[in-house]
Amino acid sequence: MLDIVADRICAEYEFSETEKRGLEALAQKFVSHDFYRDPACGHDDFCAEFAAVASTELRELLASMSEGRGPDVLILKDVPVDNPLPDLGGLEQNIAAKGRVSETVLSGLTALMKAKLQREPSSHQPDFLQQIYPVDKFEQESSGRGRAPLPFHAENVFLQTPPSFLALLCLQGQSGVFTEYLPVADILHRLTPENLEQLKAPIYSVRSGDGFQARALDETPVLDAIANGWTISRIYEEDRIHTDDPAGRDAIHVLKAAIAEAKASCVRSVEMTSGTGLLIANGVAKGRYGGVLHGRKGQIMSQAPSTPVDARRWLQRACIEINYL
Ligand SMILES: O=C(O)CCC(=O)C(=O)O
Ligand SMILES: [Fe+2]
């Protein structure tokens, strides 16, 4: 099942029936737990029980990713999720009324990475898990509550400590909507050594985008060394990287051109359906500049009450911060 292609970018893992039944039973046991405000991955009993249900292969895959020797993207198939989903009209009511299978899986994957979940208080969703579900009023927003396609980005890299990995889990998909990813290495190998050096200089300001309070990380490199050989690439396709330095501006310009070129040949995509998961390195890598940017292709249908229930796209997301050992 482990299929790391030559360039180490992507692996796939399929949940077995036994694993599914075990995770559903665990979710039932933790059904009253508030996964949104109290991360279950911080509780030893939850972590031990999740690890006992997960296969050796899944545990090894997740350990390899959090140690910087795994694939940049793990596609998860047949992930147990709550089914059928409640249809009470509003997102809040539906979250409250659903089971806790998807929350259990997202928290458990984090636990197997020996990592923690991040909150982002300046976002419109400051809890430890987020819903990717459009809200009509924000339909043009370039965020989890918008309907428009999303340009390539790494998540929250305007923060000093952005998520290292993102987990996306599809409760309900919409055909024609694709979650896309683009390896950072495919962008950077188009740059000259001089351009790369320029992007390592601490002269940039990286800004927050739609759905967040206006924030900026100042005096930061774009290609940033974090700790113990780990790096993060603070790259946006949108104009969210700025500098007054003329050489730095040139480097941003060249970076933009490289993104456009890489987009033409290096994008991969997943049409998420119920039970598809993605675990992606958020521009982080160990001993190299790597990880991926992600985006979304296709317009999401309005989630107005008239939308057929099974046509409403609903993903959940976890922002995962690993231990940079
Ligand atoms: O909706 C998607 O497929 C991706 C959304 C996204 O970029 C995110 O949740 O960070
Ligand atoms: Fe995103």
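These are my notebook entries on a predicted model, arranged by the part I looked up.

**Entry 1: helix H1**

I began with helix H1, which covers residues 17-29, and I found that its 13 residues reach 19 Å from the first C-alpha to the last, close to the 18 Å expected at 1.5 Å a residue. I then asked which residues of H1 are buried, and noted Leu23, Glu24, Leu26 and Ala27. They lie on the same side of H1, because they cover an arc of only 160° around the axis. For background I wrote down that an α-helix has 3.6 residues a turn, so residues three or four places apart point the same way. On the face of H1 turned away from the buried side I listed the exposed residues Glu17, Thr18, Arg21, Ala25 and Gln28. When I looked for what covers the buried residues of H1, I found that helix H2 (44-53) and H5 are included, and this led me to H5.

**Entry 2: helix H5**

Helix H5 runs over residues 101-112, and its 12 residues reach 16 Å from first C-alpha to last, close to the 16 Å expected at 1.5 Å a residue. How many of the residues of H5 are buried? I noted 12 of its 12, so H5 is mostly covered, a residue being buried if 20 or more other C-beta atoms lie within 10 Å of its own. Among the buried residues of H5 are Glu103, Val105, Leu106, Leu109 and Leu112. Just after H5 I came to Lys114, which takes a positive phi of about 50°.

**Entry 3: strand S14 and its partners**

Next I turned to strand S14, residues 277-281, which is mostly covered, with five of its five residues buried. I followed the directions in which these residues point, and found Gly277, Leu279 and Ala281 on one side of S14, with Leu278 and Ile280 pointing the other way, all of them buried. In general, the side chains of a regular strand alternate between the two faces of the sheet. I then looked up the pairing of S14, and found that strand S2 (residues 73-77) runs antiparallel to S14 and is joined to it by four bridges. Within this pair, Leu74 has Leu279 of S14 as its bridge partner. S14 also pairs with S6 in the antiparallel sense, over five bridges, and here I found Leu166 opposite Ile280 of S14.

**Entry 4: the shell around ligand 1**

I met Leu166 again when I asked which residues surround ligand 1. The shell consists of Ile132, Gly144, Leu150, Glu155, Leu166, Leu168, Thr179, His294, Arg296, Leu315 and Arg317. The elements that give two or more residues to this shell are strand S6 (165-172), strand S16 (292-297) and strand S17 (314-321). Sorting the shell by class, I recorded five nonpolar, three polar and three charged residues.

**Entry 5: the sheet S9-S8-S12**

I then looked at an open sheet of three strands, whose order is S9-S8-S12 and whose pairing is antiparallel. Its edge strands are strand S9 (216-220) and strand S12 (241-242), each of which pairs on one side only. Between strand S8 (residues 204-207) and S9 I noted three bridges in the antiparallel sense, with Val206 opposite Leu217 of S9.

In S9 I stopped at Ala216, and asked whether it is buried, exposed or partly exposed. Ala216 is partly exposed, because 13 other C-beta atoms lie within 10 Å of its own. Not counting residues up to four places away in sequence, Ala216 touches Phe158, Ser205, Val206 and Arg207. I also checked Ala216 against Tyr204, which is 12 residues apart along the chain, and their C-alpha atoms are separated by 9.8 Å.

**Entry 6: backbone exceptions**

Last, I kept a general point in mind: most residues other than glycine have a negative phi, and most peptide bonds are trans. Glu219 is not a glycine, yet has a positive phi of about 50°. Glu219 sits in strand S9, and counts as exposed because it has 10 C-beta neighbours inside 10 Å. Asn228, also not a glycine, has a positive phi of about 50°, and I found Asn228 in the loop between strand S10 (223-225) and strand S11 (230-233). Asn228 counts as exposed as well, with 11 C-beta neighbours inside 10 Å. Where is the cis bond that I noted? It is the peptide bond from Asn83 to Pro84, with omega near -5°, and Pro84 has its place in the loop between S2 and helix H4 (91-97).

Conventions:
Residues are numbered from 1 along each chain as its sequence is written. Chains are lettered from A and ligands numbered from 1 in the order in which they are written. This is a predicted model: local features need pLDDT of at least 70, side-chain atom pairs count only at pLDDT 80 or more; totals for chains, interfaces and linings use all residues. The expected span of a helix is 1.5 Å times one less than its number of residues. A residue is near a molecule or strand if its C-beta atom, placed from the backbone, lies within 6 Å of it. Ala, Val, Leu, Ile, Met, Phe, Trp, Tyr, Cys and Pro count as nonpolar, Asp, Glu, Lys and Arg as charged, and the others, Gly among them, as polar. Two strands pair if DSSP finds at least two bridges between them. The arc is that of the directions from the helix axis to the C-beta atoms. Two residues are in contact if their C-beta atoms, placed from the backbone, lie within 7 Å.
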